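Trainee: I would like to look closely at one helix near the end of the chain, and at how it is held against its surroundings. Could you take me through it step by step once the model is in view?

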Amino acid sequence: MTSIDVQHYPMLIGGEAVDTDDTMTIVDPSNESVVATTAKGDATHIDAAVAAGKAAFRSGVWAGKTPQERASIMRAIADAANDRIEELVELEMAANGATVRQATGFHVGYALAHFTYFADLADTYAFARPGPISSFPTLAQSVVHREPIGVVGAIAPWNFPLLLTLWKVGPALAAGNSVVVKPDEHTPLSILKFAEIAEANGLPKGVLNVVPGDGRDAGARLASHPDIGKIAFTGSTAVGREIMKLASGTVKEVTLELGGKGPSIVLDDADLDMAVDGVLYGCFVYSGQVCESGTRALVPRSLHDEFVERLVDRARTIVMGETRDWDTDMGPVIDGKQQARILQYVGEAVQSGATVVTGGGKPQGDTFERGFWIEPTIVTNVDNSMAIAREEVFGPVLVVIAYDDDDDAVSIANDSDYGLAASVWTTDNSRGLGVAARVEAGSVWINDAHQINAEAPFGGYKQSGVGRELGPDALDEYTQAKTVHLDLSGGRENKPYDILLSHADD
Ligand code: NAD
């Protein structure tokens, strides 16, 4: 594993490294050490980055290339990034505390694989499609062009900084747009490095700009900037609402990937060995800091006690420790504020009558003296009306809720403002498919969790979001349709212009 010295990272605007007097400090959540500093952009830097993106777009230096040329450059970028995968993994985990297994496989591995998927989409996407031959009011042939939007703004969260940024940058570039990225305050490093790799491998200057900065300053300016045609956001539902308002001033397109409170529905015929491990995997991977985590285990009342006992036994085998150790299963949470918030949710649930059956605090030992650690925590005697069952805790906290029958399970699952993802655990596929059909969520896994596939659309029902990322139609979200009609009427005499000009020859 490569280790990094404390380095300073400027922002990237129009292909130039731009620095500021004001800086942001990047801290490793596993030990609170300072790993880097970065420039701190504000609204004026966003304005400069948007201007650079617009100039690059208008010049045709990227949008004017054929889709195949864009695809080929994007694949070269992915190859070059893959050659530096250890560096990207280190930058990612140093800033967000992911374990090395998590950061290598999910965070950076998926990010680069998905970027390649978007490159391939540029090759196959129908940028011009034959439209209808219409005979009314006159004969015409139409062609529908999918054109890039212009300059796209991408605002990302800290939990999967590279992956979730490339879910936006990938299709935006494949379609020919320029992009301005505003990374999260905790995690600008991996996308700054990726942008540097992209420019060194053929991406023209100004096409991809990265401006680290505060959400309320740089982020808000990006979301409301008049020259931004579309804003793609992943983050909390509260900020998503704010983004929608900011984007409405200039009627921008928006894609919002927001929070979740995923139910893991264990049916009474489930394979319990698989369900117990699957429910734990669904909740505790990356310390529960995944939007699609299954944070509510819905368990038949008849199986409740046995299931909880098995969950607790298995949860206690989850090893916390040095994030760079390949034996470590689970790392810290992102920061001290979030650590306190998670523990507060647990404390308030206990005051409302819930029971902590394992975890519930900070782990003991020298490794955990610094950093933001919380044990895998399981809470029972939870009612779905409690805050811990309704709000996104975003930490390693699983609540277990007992239900009476399948109808009751579906009703509890759907009794949520969120609708991002759910899982169903059963040995009967048709029963599982029946429950999946009734669950209000953008993704439902039967006997699985966290199955994110580049070829499948991902996004939320209800307050979990607007629009979809990934999937074969991903470029639809980054293009706009222009229908061009070509007249085939054969001459003036076949035109319906007499509707207006009936007296012209009098
Ligand atoms: P957050 O909403 O606090 O911040 C996300 C981004 O928005 C950051 O870059 C932040 O700087 C920026 N921001 C904050 N205020 C802003 C404003 N007023 N205007 C413009 N930008 C602003 O989210 P977070 O804490 O970084 O991430 C965790 C959240 O993200 C969770 O709710 C999680 O469920 C969600 N998430 C969703 C998905 C998904 O695909 N649905 C994936 C990952 C994370």
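Trainee: Which residue forms a salt bridge with Arg438, and how far apart are the closest N and O atoms of the pair?

Mentor: Arg438 pairs with Asp407, and their closest N and O atoms are 2.9 Å apart, a salt bridge here being a side-chain nitrogen of Lys or Arg within 4 Å of a carboxyl oxygen of Asp or Glu. Arg438 belongs to helix α14 and Asp407 to helix α13, so the bridge ties together parts that are 31 residues apart in sequence. Helices (H or I, at least four residues) and strands (E, at least two) are DSSP runs numbered from the N terminus. Arg438 counts as partly exposed at 40% relative accessibility, and Asp407, with a relative accessible area of 46%, is partly exposed too; buried means under 20%, exposed over 50% and partly exposed in between (1.4 Å probe, protein chains only).

Before going further, note that this is a predicted model, in which local features need pLDDT of at least 70 and side-chain atom pairs pLDDT 80 or more, while totals for chains, interfaces and linings use all residues. Residues are numbered from 1 along each chain as its sequence is written, and side-chain values use heavy atoms, without hydrogens or water.

Turning to α14 itself, which spans residues 429-438, we find Gly432, Val435 and Ala436 buried. Seen down the axis of α14, these buried residues fall within an arc of 105° (taken from the directions from the helix axis to the C-beta atoms), so they line one face of the helix. An α-helix has 3.6 residues a turn, so residues three or four places apart point the same way. On the other side of α14, Ser430, Leu433 and Ala437 are exposed. The cover over the buried residues of α14 includes the strands β13 (262-266), β19 (421-425) and β20 (443-446), together with helix α13 (406-414), contact being heavy atoms within 4.5 Å. Helix α13 therefore enters the picture twice, as part of that cover and as the helix that carries Asp407.

The bridge from α14 can be set beside others, since a search of the whole structure finds 29 salt bridges. Among them, the side chains of Asp47 and Arg221 meet at 2.6 Å, N to O. Asp47 lies in helix α1 (residues 43-59) and Arg221 in helix α7 (residues 215-224), so this pair joins parts that are 174 residues apart in sequence. Both ends are partly exposed, Asp47 at 29% relative accessibility and Arg221 with a relative accessible area of 25%.

Another pair is Arg301 with Asp404, whose closest N and O atoms are 2.8 Å apart. This pair links distant parts of the chain, 103 residues apart, with Arg301 in the loop between β14 (294-300) and α10 (304-315), and Asp404 in the loop between β17 (397-403) and α13. Asp404 counts as exposed, at 56% relative accessibility. The loop that holds Asp404 thus leads to α13, the helix in which Asp407 pairs with Arg438 of α14. Elsewhere, salt bridges that share partners join Arg84, Glu87, Lys193 and Glu196 into one network.

For an arginine in another setting, look at Arg146, which sits in strand β7 (residues 140-148) and is buried, with a relative accessible area of 17%. Arg146 and Gln480 are 334 residues apart in sequence, yet 5.3 Å apart in space, C-alpha to C-alpha.
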